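Hello,

Please find the structure we discussed below. My notes follow it.

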Amino acid sequence: MGKVIFVNDTISGLKKRLDSNNLIYIQGEEGYVDQVKCSFNDPATLKEIESFSNQIQWELPEDYKQFLLIHNGCRLFFHPRIGGGIKIF
């Protein structure tokens, strides 16, 4: 059950730091500060997760399932002009 709380708290904590446009200030090398964007997909259903797990014949980790039930993927720290960032599928 601790993993569920960890996933929820981590996503909730990040979202609290985002502005109304889902932008957040980050500091890069040599003190460079700029805004990057985070976007979150709609949640997956338990049925979709179970179907995918059956299709690949592999049980997904519980914390990843919890993430998918909150957001079926996301893009974190994407720079609006430069690109990059992290995609979580």
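**Salt bridges**

Arg81 and Asp34 make a salt bridge, with their closest N and O atoms 3.3 Å apart. This pair ties together distant parts of the chain. Arg81 sits in the loop between S3 and strand S4 (86–88). Asp34 belongs to strand S2 (residues 33–40). The two are 47 residues apart. Their surroundings differ in accessibility. Arg81 has a relative accessible area of 66%, so it counts as exposed. Asp34 has 15% relative accessibility, so it counts as buried; the cut-off for buried is under 20%.

Please keep in mind that this is a predicted model. Every value here is computed from it.

How many salt bridges does a search of the whole structure find? It finds three. Besides the pair above, there is one between Lys65 and Glu59, at 2.3 Å from N to O. There is also one between Lys65 and Glu62, where the closest N and O atoms are 3.9 Å apart. Glu59, Glu62 and Lys65 are thus linked in a network of salt bridges.

Lys65 and Glu62 both lie in helix H3. They are three residues apart, about one turn of the helix.

Is each member of this network buried or exposed? Lys65 is buried, because its relative accessible area is 16% and the limit is under 20%. Glu59 is exposed, because its relative accessible area is 53% and the limit is over 50%. Glu62 has 42% relative accessibility, so it falls in between and counts as partly exposed.

**The largest pocket**

The largest pocket holds about 220 Å³ of space. Which residues line it? The lining consists of Phe6, Val7, Thr10, Ile11, Leu14, Phe40, Asp63, Tyr64, Phe67, Cys74, Leu76 and Ile88.

By class, ten of the lining residues are nonpolar, one is polar and one is charged. Three elements each supply at least two lining residues: helix H1 (2–17), helix H3 (62–70) and strand S3 (74–78). H1 gives the most, with five residues.

Ile5 is also in helix H1. Its relative accessibility is 48%, so it counts as partly exposed. The C-alpha atoms of Ile5 and Asp63 are separated by 9.2 Å. Along the chain, these two residues are 58 residues apart. Asp63 is one of the residues that line the pocket.

Lys16 is another residue of helix H1. At 69% relative accessibility, it is above the cut-off of over 50% and so counts as exposed. The C-alpha atoms of Lys16 and Ile86 are separated by 19 Å. Along the chain, they are 70 residues apart.

**A nonpolar surface patch**

Ile86 comes up again on the surface. Ile26, Phe77, Ile86 and Ile88 form a nonpolar patch there. Together they have about 290 Å² of accessible area. Ile88 also appears in the lining of the largest pocket.

Where is Ile26 found? It is in strand S1 (residues 23–27). Its relative accessibility is 35%, so it counts as partly exposed. Phe77 lies in strand S3. With 31% relative accessibility, Phe77 also counts as partly exposed, because the value falls between the 20% and 50% limits.

**Backbone points to check by eye**

Which residues other than glycine have a positive phi? Phe77, from the patch, is one of them: its phi is near 60°. Glu30 is another, with a phi of about 55°.

Glu30 lies in the loop between S1 and S2. Its relative accessible area is 85%, so Glu30 is exposed. Phe77, by contrast, is in strand S3 and is partly exposed.

**In brief**

Arg81 and Asp34 link distant parts of the chain. Glu59, Glu62 and Lys65 form a salt-bridge network. The largest pocket has a lining with ten nonpolar residues, and helix H1 gives the most to that lining. The nonpolar surface patch includes Phe77, which also has a positive phi.

Best wishes

Technical notes. Residues numbered from 1 in each chain as written. Predicted model: local features only at pLDDT ≥ 70, side-chain atom pairs only at ≥ 80, totals over all residues. Heavy atoms only, no water. Patch = residues over 30% accessible without salt bridge, like charges linked within 9 Å, V, L, I, M, F, W, Y side chains within 5 Å. Areas by Shrake-Rupley, 256 points an atom, 1.4 Å probe, with all protein chains shown as cover. Salt bridge = Lys/Arg side-chain N within 4 Å of Asp/Glu carboxyl O. Helix = DSSP H or I, 4+ residues; strand = E, 2+ residues; numbered from the N terminus. Buried < 20%, exposed > 50% of the residue type's maximum accessible area, 1.4 Å probe, protein only. 1 Å grid on protein atoms, 1.4 Å probe; cavity = no way out; pocket = protein on both sides within 12 Å on 5 of 7 lines; lining within 4 Å. Points joined across faces, edges and corners; volume = space filled by probe spheres on them. Nonpolar A, V, L, I, M, F, W, Y, C, P; charged D, E, K, R; others polar.
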